[in-house]
Amino acid sequence: MARTLRVGFLNPVQTQDPHASYTVESALVCTQVFEPLVHAGGEGAPSEPVLLEELPRELPGTDPSTMFAARVRRGILFSDGTPLTAEQVAASMNRTDAFKDHGRAEAKGDEVVFRLKKPNPRIDLLLTQVMLAVALEKGGKVLGTGPYQFAPDSTPERIRLVPNPHSRFDEARALDEVIFTYYPPGPE
């Protein structure tokens, strides 16, 4: 018997692309498929790197709080088995308006360098946003590194997530599918 979690929405999911996930529904779905570079710590706890080996560190000899670097975590795979690289992280950051407003990212070996337009001593908090989650565009699909992936039969009215076969999360094995269904409001 399939282990299914069903979630109902009163608004349709607008996108399967985390870089355009500006609605609550889209963000809730995208956080199951795509991961940010950093997770914010709760209740005074420090932020934690997710797709990075470390929190971004300020580069010496640069304008204060405008240039940071961090090494990409090894061994992380997208849902099609493609290994995560610094080039993919930089390309993903540079594709989203949410990051382009703040600066630019570039790959230097296995590190990502973040060049900011204005000082930001808490770049770690910026990198927690779902709109900045790392996504790989490949074959007309948007792939993530999270515990789930989009099933081919997903539509805006019914998104079905299935476990990412390359996930490093045990949660991906807890459920066989997660279904997000749009239920339009009807007359009272």
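In the predicted model, Glu 35 touches Val 50, Leu 51, Ala 133, Val 134, Thr 145, Gly 146, Arg 168 and Phe 169, when residues up to four places away in sequence are not counted. Glu 35 is placed in the loop that runs between helix H1 (24-33) and strand S2 (38-39). Its relative accessible area is 5%. Because the limit for a buried residue is under 20%, Glu 35 is classed as buried. Two of the residues that Glu 35 touches, Thr 145 and Arg 168, are also partners in polar contacts of its side chain. The side chains of Glu 35 and Thr 145 are joined by a polar contact of 2.5 Å. With the side chain of Arg 168, the side chain of Glu 35 makes a polar contact of 2.8 Å.

Helix H1, which comes before this loop, has several buried residues: Glu 25, Ser 26, Ala 27, Val 29, Cys 30 and Val 33. The cover over these residues includes strand S1 (4-9), strand S10 (148-150), strand S11 (158-163) and strand S12 (177-182). H1 lies across these strands, S1, S10, S11 and S12, and runs at about 120° to S10.

The strands that H1 lies across form an open sheet of 4 strands in the order S1-S12-S11-S10, with mixed pairing. S1 and S10 are the edge strands; each has a single partner strand, so one side of each has no neighbour in the sheet. From one strand to the next, the twist averages 25°. At the S10 edge, S10 pairs with S11 in the antiparallel sense, over 3 bridges. Phe 150 has Leu 161 in S11 as its bridge partner.

Another open sheet is formed by 4 strands in the order S4-S5-S7-S6, and here the pairing is antiparallel. Its edge strands are S4 (57-58) and S6 (103-108), each of which pairs on one side only. S4 is joined by 2 bridges to strand S5 (residues 67-71), and the two strands run antiparallel. Within this part of the sheet, Arg 57 stands opposite Ala 69 in S5. Helix H2 (residues 86-95) packs on the sheet, where H2 touches S6 and strand S7 (111-116). The direction of H2 makes about 170° with that of S6.

Taken as a whole, the protein has a secondary structure of 5 helices and 12 strands. Its C-alpha atoms fill a box of roughly 60 × 40 × 35 Å along the principal axes. The radius of gyration of the protein is 17 Å; a compact globule of 188 residues would have a value near 16 Å, so the two agree. Of the 188 residues, 46% are buried. Contacts between residues at least 6 apart in sequence were also sorted by separation, and 53% of them join residues at least 24 apart. The surface that the protein exposes comes to about 9900 Å², of which carbon and sulfur atoms supply 54%.

Terms used
Residues are numbered from 1 along each chain as its sequence is written. This is a predicted model: local features need pLDDT of at least 70, side-chain atom pairs count only at pLDDT 80 or more; totals for chains, interfaces and linings use all residues. Side-chain values use heavy atoms; hydrogens and water are left out. Buried means under 20% relative accessible area, exposed over 50%, partly exposed in between (1.4 Å probe, protein chains only). A polar contact is a pair of N or O atoms within 3.5 Å; within protein, one must be able to donate a hydrogen and the other to accept it, and residues adjacent in sequence count only if both atoms are side-chain atoms. Contact means heavy atoms within 4.5 Å. Two strands pair if DSSP finds at least two bridges between them. Axes are lines fitted to C-alpha atoms, for helices over the stretch in contact, and angles run from 0 to 180 degrees between N-to-C directions. The radius of gyration is taken over C-alpha atoms; the globule rule is 2.2 Å times the number of residues to the power 0.38. Accessible areas come from the Shrake-Rupley method with a 1.4 Å probe; for residues, only the protein chains shown count as cover.
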